[in-house]
Amino acid sequence: MEVEARARASDDLSVSPYDPLVIEAVKEALSFVGGKGASVEVSSNIPAGWGLKSSSAVANAVILAVVSAYNRRIGLIEATKLSVRAARRAGVTITGAMDDASASMLGGLTVTDNSKDQLIMRIPLPELDVAILLPSWESSRPKSTIDASRLRKYSEITDSLIEILPSRIWEAMTLNGLLYSRILGYKDDLALRAIELGALGASLSGTGPAIAAVCRDCSDVIDYWSGFGKVMRSRITNNPAKIS
Ligand SMILES: Nc1ncnc2c1ncn2[C@@H]1O[C@H](COP(=O)(O)OP(=O)(O)O)[C@@H](O)[C@H]1O
Ligand SMILES: O=C(O)C1=C[C@@H](OP(=O)(O)O)[C@@H](O)[C@H](O)C1
């Protein structure tokens with residue numbers, strides 16, 4: 001799944017689609033390069049508002065495109081920090097989501113402290129098969145519908161799963177997903193069924209409602225999940241964001 005942003009330096013600001021996050025990301029990049037304006041177009045095949053952190057990928061792509069339109073260079077971690085700031089300003093995140101933004105920017109698995117916008121570790125992953133289900137009875141949800149203060153009450157438990165990394169990544173994914181499904185009121189039976197069908201890990205994705213499974217071969221999970229909504233197939237990547 002990919003986001004592409006094309007940018008041209010200009011004297012004013014024009015963005016397509018016209019979206020608060022895209023505007024905030026352009027502004028962050030302009031303030032980094034000291035530029036006046038940019039014309040930016042974004043295209044993405046990541047469904048927005050399903051827990052797949054489409055916003056991190058969009059903000060990352062916009063930052064890199066605008067910086068490069070001004071013929072400037074930026075480190076990927078610094079670019080991620082600008083992207084997180086844009087996401088906070090646009091109100092599309094609870095914590096800033098440095099975890100998701102850095103994973104999208106750097107590839108692989110990243111562990112972060114979102115309260116400090118700090119990258120703690122990056123772990124390369126086997127480039128396994130991934131199934132994603134958008135359940136037909138659910139719909140996309142804005143982040144503002146989530147009670148962040150209630151989620152924070154579980155942070156000791158979710159943080160404890162970091163201790164089983166890097167050896168037990170898929171188990172941590174599954175346990176984290178079970179807990180978040182329960183807290184946020186989603187059914188967890190389809191993730192559990194994926195485990196029974198051979199997935200290494202299966203879980204609510206982010207704050208949902210999408211569900212994701214990681215497998216050596218997700219064909220059986222995809223056949224089963226197809227009866228419950230739209231299934232997308234992807235692959236884990238360790239590749240960083242590309243500037244071309
Ligand atoms: N293709 C896109 N073009 C422009 N903005 C997008 C696009 N996809 C996502 N976004 C931005 O990301 C936001 C959704 O992100 P978010 O609420 O974090 O949901 P999720 O992480 O579940 O995808 C949208 O409101 C929009 O600001
Ligand atoms: O907004 C946030 O701070 C977060 C949202 C979640 O992602 P989604 O937006 O994809 O649900 C989650 O994965 C991430 O760790 C933190």
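For residues 172-217, UniProt lists "domain: GHMP kinase C-terminal", in an unreviewed entry. The structure discussed here is a predicted model. In this model, the span 172-217 is 46% helix and 20% strand, and the C-alpha atoms at its two ends lie 20 Å apart. The protein as a whole is divided into domain 1 (3-122) and domain 2 (125-235). The points below treat these domains, a sheet with its helices, and the surroundings of ligand 1.

**The two domains**

- The C-alpha centres of domain 1 (3-122) and domain 2 (125-235) are separated by 24 Å.
- Domain 1 gives 15 residues to the contact between the domains, and domain 2 gives 19 residues.
- On the side of domain 1 that touches domain 2, there are 8 nonpolar, 5 polar and 2 charged residues.

**The sheet**

- In general, the strands of a sheet pair through backbone hydrogen bonds, and the pairing is either parallel or antiparallel.
- Here, 3 strands form an open sheet with mixed pairing, in the order β1-β3-β2.
- The edge strands are β1 (3-10) and β2 (13-16), each of which pairs on one side only.
- From one strand to the next, the twist averages 10°.
- Strands β2 and β3 run parallel and are joined by 4 bridges.
- Which residue of β3 is the bridge partner of Ser16? The partner is Glu41.

**Helices across the sheet**

- Helix α1 lies across β2 and β3, and its direction makes an angle of about 135° with β3.
- Helix α2 lies across β1 and β3, and runs at about 35° to β1.

**The surroundings of ligand 1**

- Which residues come nearest to ligand 1? Of the 21 residues around ligand 1, these are Leu21, Ser44, Ala48, Ser54 and Ser55.
- Three elements give two or more residues to this shell, namely α1 (20-33), β3 (37-44) and α2 (54-69).
- Strand β3 thus appears in two settings: β3 belongs to the open sheet, and β3 also contributes to the shell around ligand 1.
- Helices α1 and α2 likewise contribute to the shell; α1 lies across β2 and β3, while α2 lies across β1 and β3.
- By class, the shell around ligand 1 consists of 12 nonpolar, 6 polar and 3 charged residues.
- Both domains take part in the shell, with at least three residues drawn from each of domain 1 (3-122) and domain 2 (125-235).

How values were computed:
Residues numbered from 1 in each chain as written. Chains lettered and ligands numbered in written order. Predicted model: local features only at pLDDT ≥ 70, side-chain atom pairs only at ≥ 80, totals over all residues. Near = placed C-beta within 6 Å. Nonpolar A, V, L, I, M, F, W, Y, C, P; charged D, E, K, R; others polar. Domains from an automatic or database assignment. UniProt positions renumbered as here; feature names shortened; annotations may be inferred. Pairing = 2+ DSSP bridges. Axes fitted to C-alpha atoms, helices over the stretch in contact; angles between N-to-C directions. Contact = placed C-beta atoms within 7 Å.
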